[in-house]
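Reader: I am new to this structure, and I would like to understand how the labels given to its charged residues are reached. Could you take me through the reasoning?

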Amino acid sequence: MDDKERTLYCGNLPEKVTEDLLYELFLQAGPLESVKIPKDKDGRQRNYGFVTFKHTASVPYAVALMGGLVLYGKSIRLDARSGSENAPNPYLEQLRQYENSVNQHSFHQNDSRWHDNRSRSHNSRSYVPRENSYFKHYQ
């Protein structure tokens with residue numbers, strides 16, 4: 001298995017980001033083999049790094065999971081190092097489908113049922129007293 005296929009490029013990294021921080025962060029996407037932030041001639045770290053996973057499938061999963069990540073006020077750029085940017089990412093497609101289904105349905109906090117926003121209107125703040133209410137007998 002080639003390292004390039006298992007490596008994720010992380011660009012636009014702030015100076016405060018360390019290899020340990022990237023390791024802990026990307027461990028959420030799968031088991032890691034290594035994390036490297038190169039240094040320039042003066043010993044300062046560069047603004048990009050590489051995360052190598054143990055499994056090839058972790059790379060597109062990490063891109064889908066961590067897409068839009070902001071660290072210390074900077075948006076991080078994530079790309080598969082292998083250059084297969086044009087290949088479809090199945091995890092991104094699953095994420096889009098999930099977001100679409102969540103946008104079409106709502107879950108009311110006081111109700112254990114899903115409500116379809118297109119077919120019903122639900123106002124949880126309205127109160128209509130019943131005719132045979134318990135309190136009516138004591139008025």
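Author: In this predicted model, Glu33 and Arg6 are joined by a salt bridge, their closest N and O atoms lying 2.9 Å apart. The pair links distant parts of the chain, since Glu33 sits in strand 2 (residues 32–36) and Arg6 in the segment before strand 1 (7–11), 27 residues apart.

Reader: What makes the contact of Glu33 with Arg6 a salt bridge?

Author: The cut-off is a side-chain nitrogen of Lys or Arg within 4 Å of a carboxyl oxygen of Asp or Glu, and the N and O atoms of Arg6 and Glu33 are 2.9 Å apart, so the pair qualifies.

Reader: Why is Arg6 called buried?

Author: Buried means under 20% relative accessible area, and Arg6 has 6%, so the label follows. Glu33, at 44%, falls between that limit and the one for exposed, over 50%, and is therefore partly exposed.

Reader: How do you know that Arg44 is exposed?

Author: Its relative accessible area is 53%, which is over 50%, and Arg44 therefore counts as exposed. Arg44 meets Asp40 in a salt bridge of 3.5 Å, N to O, while Asp40, at 24%, is partly exposed.

Reader: Why is Asp79 buried or exposed, and what of Arg77, with which it forms a salt bridge?

Author: Asp79 has a relative accessible area of 17%, under 20%, so it is buried, whereas Arg77, at 48%, is partly exposed. The closest N and O atoms of these two are 2.8 Å apart. Elsewhere, salt bridges that share partners join Asp3, Arg6 and Glu33 into one network.

Key
Residues are numbered from 1 along each chain as its sequence is written. This is a predicted model: local features need pLDDT of at least 70, side-chain atom pairs count only at pLDDT 80 or more; totals for chains, interfaces and linings use all residues. Side-chain values use heavy atoms; hydrogens and water are left out. Helices (H or I, at least four residues) and strands (E, at least two) are DSSP runs, numbered from the N terminus. Buried means under 20% relative accessible area, exposed over 50%, partly exposed in between (1.4 Å probe, protein chains only).
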